[in-house]
Amino acid sequence: MGLLKKILVPFAGLVLAFWFYSGKEDFKPEMLKGKRVIVTGASMGIGEQMAYHLARMGSHILITARTEAKLQKVVTRCLELGAASASYMNGSMEDMVFAELVVKKAEELWGNLDMLILNHVGQSYFNYFDKNIGHVKKLLDINFLSYVTMTAAALPMLKNSGGSIVVVSSLAGKIGFPFVTAYSATKFALDGFFSSLRQEFAMQNTNISITLCILGLINTETAMKAISGVMTSPAAPKEECALEIIKGAALRQREVYYEYTSARIPLFIREWAPDLLDYLIRSQYNVEKLKD
Ligand SMILES: NC(=O)c1ccc[n+]([C@@H]2O[C@H](COP(=O)([O-])OP(=O)(O)OC[C@H]3O[C@@H](n4cnc5c(N)ncnc54)[C@H](OP(=O)(O)O)[C@@H]3O)[C@@H](O)[C@H]2O)c1
Ligand SMILES: *[C@@H]1O[C@H](CO)[C@@H](O)[C@H](O)[C@H]1NC(C)=O
Ligand SMILES: *[C@@H]1O[C@H](CO)[C@@H](O)[C@H](O)[C@H]1NC(C)=O
């Protein structure tokens, strides 16, 4: 790991970063000014931070989550920060009727939609697979099916505006990590669905961008609580993470990796040494600290 960290990692990072960023348009906050944006799972964590960035950039914002009191606070803060407008809708994404209603509300408010940021995730455990199939089903509803439902409902507006779909996923949606079986499955499902849909859009000349976001560990309350003691890897800041997602979305990138190097390197290693990668991943866990 010493040699890997010292030489291979920075070198590969440099090559990849150069390849990825070369010849790309620059991001400007004005790109989001006046844009009509839905952010799901915005009562806390990365979603909340995305709402604040969008507010500073002067977007119209509609946020959702289950907890009304938290959403009210985020809306108030968005208005203070300069949002063109800010509203919320509370409800659970287990319910596909609610998922559709959120899109309907955007239509009522604005008559159109520029960006659909799909970010919410249902609660899940951080431990060995517990054979609870009900939990897997529920998580697929919340983390996957509601994303598809909202996308389907929003397609007419997004076609009309030449808009964007932003899907917040995880490194666990590209690589197998232990203790997140169901979560990982829902994130892999998102990659499959939205990568296939992106191809169809290209074939049909549908001008809707799809940005899949591959995030490493981020310092949100939920993530820090889940891994506490078990993993000691450093977590990246949620504020910067939120900004990188918005930048990638505005630039209509197919994927966003954050943090860039630490998210790209494992995928790079997997190409030629998947067993080595699995070993390196396993070595970062303190299994004795798993909660019973
Ligand atoms: N943090 C990380 O380390 C990390 C790493 C990789 C990827 N990600 C991804 O980044 C995204 C945001 O993660 P985060 O850490 O910011 O999460 P978080 O802080 O736990 O926030 C999750 C959001 O989803 C909402 N939510 C939970 N259950 C819901 C339900 N049944 N229906 C509707 N909304 C629900 C929560 O609000 P309510 O509880 O009020 O409903 C909250 O607003 C997720 O897609 C996650 O997979 C995070
Ligand atoms: C929204 O929150 C309020 C207050 O907590 C609750 O009474 C209402 O049932 C919620 N609406 C939905 C759709 O869950
Ligand atoms: C697609 O939509 C974007 C954003 O609305 C716009 O800038 C771009 O010119 C459109 N592209 C085509 C081919 O219509």
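Are E255 and K174 buried or exposed? Both E255 and K174 are buried, where buried stands for under 20% relative accessible area, exposed for over 50% and partly exposed for anything in between (1.4 Å probe, protein chains only). The model is a predicted one, in which local features need pLDDT of at least 70 and side-chain atom pairs count only at pLDDT 80 or more, while totals for chains, interfaces and linings use all residues. Residues are numbered from 1 along each chain as its sequence is written, chains are lettered from A and ligands numbered from 1 in the order in which they are written, and side-chain values use heavy atoms, with hydrogens and water left out.

Salt bridges make a good starting point. The whole structure holds 6 of them, a salt bridge being a side-chain nitrogen of Lys or Arg within 4 Å of a carboxyl oxygen of Asp or Glu. K174 takes part in a network of them together with D191 and E255. Between E255 and K174, the closest N and O atoms are 2.9 Å apart. Since E255 sits in strand β7 (residues 255-258) and K174 in the loop between β5 and α6, this pair ties together parts 81 residues apart in sequence; helices (H or I, at least four residues) and strands (E, at least two) are DSSP runs, numbered from the N terminus. The bridge from D191 to K174 also has its closest N and O atoms 2.9 Å apart. Here D191 belongs to helix α6 (residues 181-203) and K174 to the loop between β5 (164-170) and α6, so the parts tied together are 17 residues apart in sequence. D191 is buried at a relative accessible area of 15%, and K174 is buried at 14%.

Another salt bridge joins the side chains of D114 and R36, at 2.8 Å from N to O. It links distant parts of the chain, 78 residues apart: D114 is in the loop between α4 (96-110) and β4 (115-118), and R36 is in strand β1 (residues 36-40). D114 is buried at 10% relative accessibility, whereas R36, at 21%, is partly exposed.

Back at β7, both faces of the strand turn out to be covered, with E255 and Y257 buried on one side and V256 and Y258 buried on the other. Strand β6 (residues 209-215) runs parallel to β7 and is joined to it by 4 bridges; two strands pair if DSSP finds at least two bridges between them. One of the partners is Y257 in β7, which is bridged to I214.

V230 offers a look at a loop, the one between α7 (221-227) and α8 (238-250). This residue is buried, at a relative accessible area of just 2%. Beyond its neighbours within four places in sequence, V230 is in contact (heavy atoms within 4.5 Å) with F126, Q284, Y285, N286, K289 and L290.

As for the ligands, ligand 3 is surrounded by S161, G162, N207 and R252, each with a heavy atom within 4 Å of it. One of its oxygen atoms is 2.4 Å from an N or O atom in the side chain of N207. Backbone N or O atoms of S161 and G162 lie 3.4 Å and 3.2 Å, respectively, from an oxygen atom of ligand 3. Around ligand 2 are E68, N90 and G91, and an N or O atom in the side chain of E68 is 3.3 Å from a ligand 2 oxygen.

Technical notes. Polar contact = N/O pair within 3.5 Å; in protein donor to acceptor, adjacent residues only side chain to side chain.
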